[in-house]
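Colleague: Before I go back to the bench, could you take me through this model and explain how each answer is reached?

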Amino acid sequence: MQQTLRQRLEGLPTPFYALMLSDVLSGLAMGAGYVAISWWVVQSGGARDMAWFGSVTALVMLLSLPLTAPLGDRLPKNRLIGGGMLLAMLSALLLALMAAMGWYHIGWVIAVESLAMLAWSIVLPSMLSIAAEMVPAARLGDALSLQKSSQSAGNLIGPVLGGGLMAATSPTLTLLAYAFLLVVAAAASLYVRVPPRATGAVRSPWLDDIRSGLYARWRIPLERYWTLAVFITLVAFMPLVTTLLPVKLHALGLSAAWLGGCEAAISAGMLLGSLWFTHVLLRRFSRYQARTIGMLVCGVLMLVVAVSDNPWLILACFAVMGLMFALNQLIGQTHRTLAVPENYRARFSAINVMLVKIGSMLGPALAGALLHVLPLERVYLIFALLHLATVVPMLLLPGMKAFLALDHEEVKDWYWRQHPEAFRDLAPTPPAKEACELR
């Protein structure tokens, strides 16, 4: 495993190592912040406040993403990442001040956290697409795997830190630690350097950038079907790990450290999955077969979490799910990133994040409504069954199996070559490469 990791690290540009450090620190901050804020809301306001908090903040980010998406295609992504983290730091300080004054009101908590949602709508699309500008196409698979490992390493420590501080001290100190970590992560992003962007496209007005990203996504059949399938999956999945999980652990009489432990277990699994497990599985199975295994195992494990009251079994399930998450995210992510023209990658990444936030809004809202009429255990089971039911449509997407069979050189700019009409503001003909037809 160490030899494989060393081989993947060799030859990558020096600024990419700074990006990995920034990813570790940002993951550390986000993990600690999620546990601190979620547990504070559950403790102070209960399941209803948690449902409102998850739904409204997701709606804010949903509205912010289309407006901020073109930033990553116009401005240096490293500056956007650092500036967004400083904005999120301001939100963390305001929440810490509220906690220190003993002033909890869900409306004000949502309003302050909405500032952080605006910040992350700036940060995440650039963070998800910046690696493609820093490394050659042949090394993008290694780069994305290492970036996922860096994020998982931060997410492994962050929830443990946040949960431990919440259990041992107070929400005020935990939120102050969250703000401090954001400052450090923003400072690390200053050392990330990206090469000058190639000039081949004419800069269009801001609203045209937004429309063109959505238009291109919709005109490509594979992306259109993939996007719809992911959306349905997220609506079923997000309540299971956001709204319902803190409420379930609180109802079991557990402390915030257990919420941090579950988040850390997922991250530990993702770290191991991105460093080792995914690569081992791909030596035995095709990308499509490995993705099938990952999705089916995730669905079954969520059912186990839904019916179990054993915290150690829940923790073990989340650790294995982390392995499957890494597998599912890495398989296809590299291909879909390479298939998009460079000038569109931030816009496409923003749409991906926007889908997550739509699911984070609709799923928890539906879960909150069901909690008014059904017990928590039944609501958890309903969403776990819905999540398992979404696996089959995701695996039957037209063209996905053949798309995943392409190598990295074949898939580069594939969307542009196959669907040039979807990218109206680019040159009328794609780069001089043999078009790769899916058979």
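Modeller: Accessible areas here come from the Shrake-Rupley method with a 1.4 Å probe. Please keep in mind throughout that this is a predicted model.

Colleague: What share of the accessible surface of the protein belongs to carbon and sulfur atoms?

Modeller: The accessible surface of the protein comes to about 17,900 Å² in total. Of that area, the part that belongs to carbon and sulfur atoms is 68%.

Colleague: How many helices and how many strands are there in the protein, and what percentage of its residues are buried?

Modeller: The secondary structure consists of 20 helices, with zero strands. Counting as buried any residue under 20% relative accessible area, the buried portion of the 439 residues is 58%.

Colleague: Among contacts between residues at least 6 apart in sequence, what percentage join residues at least 24 apart?

Modeller: A contact requires heavy atoms within 4.5 Å. Among the contacts between residues at least 6 apart in sequence, the portion that joins residues at least 24 apart is 85%.

Colleague: Which helix gives the most residues to the largest nonpolar core?

Modeller: The largest nonpolar core has 129 residues, and those touching the most other members are F16, W120, L175, F318, F403, Y415 and F423. The greatest contribution to this core, 19 residues, comes from residues 14–68, which form helix 2.

Colleague: Which residues does F318 touch, leaving out those up to four places away in sequence?

Modeller: F318 is one of the core residues that touch the most other members. With residues up to four places away in sequence set aside, the contacts of F318 are V241, L245, C262, A265, I266, M302 and V305.

Colleague: Where do the buried residues of helix 16 fall when seen down its axis?

Modeller: The 14 residues of helix 16, 376–389, should span 20 Å at 1.5 Å a residue, which agrees with end C-alpha atoms 20 Å apart. Its buried residues are L376, V379, Y380, F383, A384 and H387. Seen down the axis, these fall within an arc of 135°, so they line one face of the helix.

Colleague: Is T233 buried or exposed, and which residues does T233 touch beyond four places in sequence?

Modeller: T233, found in helix 10 (residues 221–241), has a relative accessible area of 14% and is therefore buried. Beyond four places in sequence, T233 touches H387 and T390.

Colleague: And S150: which residues are in contact with it, leaving aside neighbours within four places?

Modeller: S150 lies in helix 7 (residues 140–168) and is buried, with a relative accessible area of 5%. Neighbours within four places aside, the contacts of S150 are M20, D23 and V24.

Key
Residues numbered from 1 in each chain as written. Predicted model: local features only at pLDDT ≥ 70, side-chain atom pairs only at ≥ 80, totals over all residues. Heavy atoms only, no water. Helix = DSSP H or I, 4+ residues; strand = E, 2+ residues; numbered from the N terminus. Buried < 20%, exposed > 50% of the residue type's maximum accessible area, 1.4 Å probe, protein only. Core = buried A, V, L, I, M, F, W, Y, C linked by side-chain atoms within 4.5 Å. Expected span 1.5 Å × (residues − 1). Arc of directions from axis to C-beta.
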